[in-house]
Amino acid sequence: MPILTRSFPHPAHPMEIPAIGRSIFVPGRDVPPERLYHAPRCPITPPRDAMPNPRDALPNPRDAMPNPLPRSPSHVILLPFSFIESQWRSPPMQLEFVPIEEFYFELTLAVKTLEEIETPGLAAIVGQKLQEKFQEPSTVAAASQNTYNYVFRVTDVDNSPFHRLIISIADWGGNLRLGSDYGWTLNEEHRATKSERFPQRVQFAADLKAHLQDWLAIDL
């Protein structure tokens with residue numbers, strides 16, 4: 001590789017023109033060599049384009065990653081709407097059926113009506129689907145307007161300070177009635193009182209309806 005030696009004027013004489021190599025000459029007068037200093041010998045740096053990039057030798061981690069989803073011609077990943085919608089929904093509730101032998105130990109005065117749905121024929125459809133899954137309801141009909149009442153424990157929703165959470169699915173006068181003790185508790189006299197979760201009953205009712213729609217394949 002060629003070596004270039006450069007000579008520059010001494011800092012004390014900034015007006016002097018530098019000389020290259022051994023050509024120590026300034027038009028009009030000579031410059032003594034002692035008034036110049038020389039830069040250290042160094043190889044000529046090649047152009048930046050000719051220098052190898054050390055990053056080119058490193059493997060690209062993206063090349064080793066599998067591509068789980070095919071890409072469209074426009075390189076945009078297309079996801080089905082059902083997948084996107086499933087990411088918005090809350091996880092399904094965990095419901096545990098309460099048989100008739102345990103009904104009177106679970107149902108309390110804290111169970112209040114969440115919502116009454118008046119869609120014609122809906123109560124009969126829901127009652128038929130629940131009968132196919134659990135046979136007999138949790139309690140015997142208490143009135144002529146009521147033919148079934150299925151009670152469930154909800155095991156994955158917090159209802160503190162109350163120690164448990166119950167929902168009931170029943171018919172009343174041809175309507176579908178959803179009830180729960182969410183947002184309620186019992187005081188020392190075993191009377192139902194509202195808890196700090198009472199304002200969230202509307203949201204809980206919406207979550208329960210969404211779960212029943214998927215679980216029973218019905219429209220609420």
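**View 1. Where confidence is lowest and highest in this predicted model.** Strand β1 (residues 3–4) sits at the bottom of the chain for confidence, with a mean pLDDT of 46, while β9 tops it at 95. Here pLDDT is the predictor's confidence in each residue, from 0 to 100, and strands are DSSP runs (E, at least two residues) numbered from the N terminus. Residues 1–8 have pLDDT below 50, and this stretch makes 25 contacts beyond near neighbours in sequence; contact means heavy atoms within 4.5 Å. Where pLDDT is low, don't read the predicted coordinates in detail. Chain-wide, the mean pLDDT is 75, with 58% of residues reaching 70 or more.

**View 2. A look at N175 in strand β9.** N175 belongs to β9 (residues 175–180). N175 counts as buried because its relative accessibility is 16%, and buried means under 20% relative accessible area (1.4 Å probe, protein chains only). Setting aside neighbours within four places in sequence, N175 touches E116, I117, E118, A123 and A170.

**View 3. Lining of the largest pocket.** Sixteen residues line this pocket, and N149, S168, A170, W172 and R177 lie nearest its centre. A pocket is an open set of points on a 1 Å grid over the protein atoms alone, where a 1.4 Å probe fits, with protein on both sides within 12 Å along at least five of seven lines; lining residues have an atom within 4 Å of a point. β8 gives the largest share of the lining, 4 residues, and β6 (112–117), β8 (166–172) and β9 each supply at least two.

**Notes.** Residues are numbered from 1 along each chain as its sequence is written. In this predicted model, local features need pLDDT of at least 70, side-chain atom pairs count only at pLDDT 80 or more, and totals for chains, interfaces and linings use all residues, while side-chain values use heavy atoms, leaving out hydrogens and water.

Key
Buried means under 20% relative accessible area, exposed over 50%, partly exposed in between (1.4 Å probe, protein chains only).
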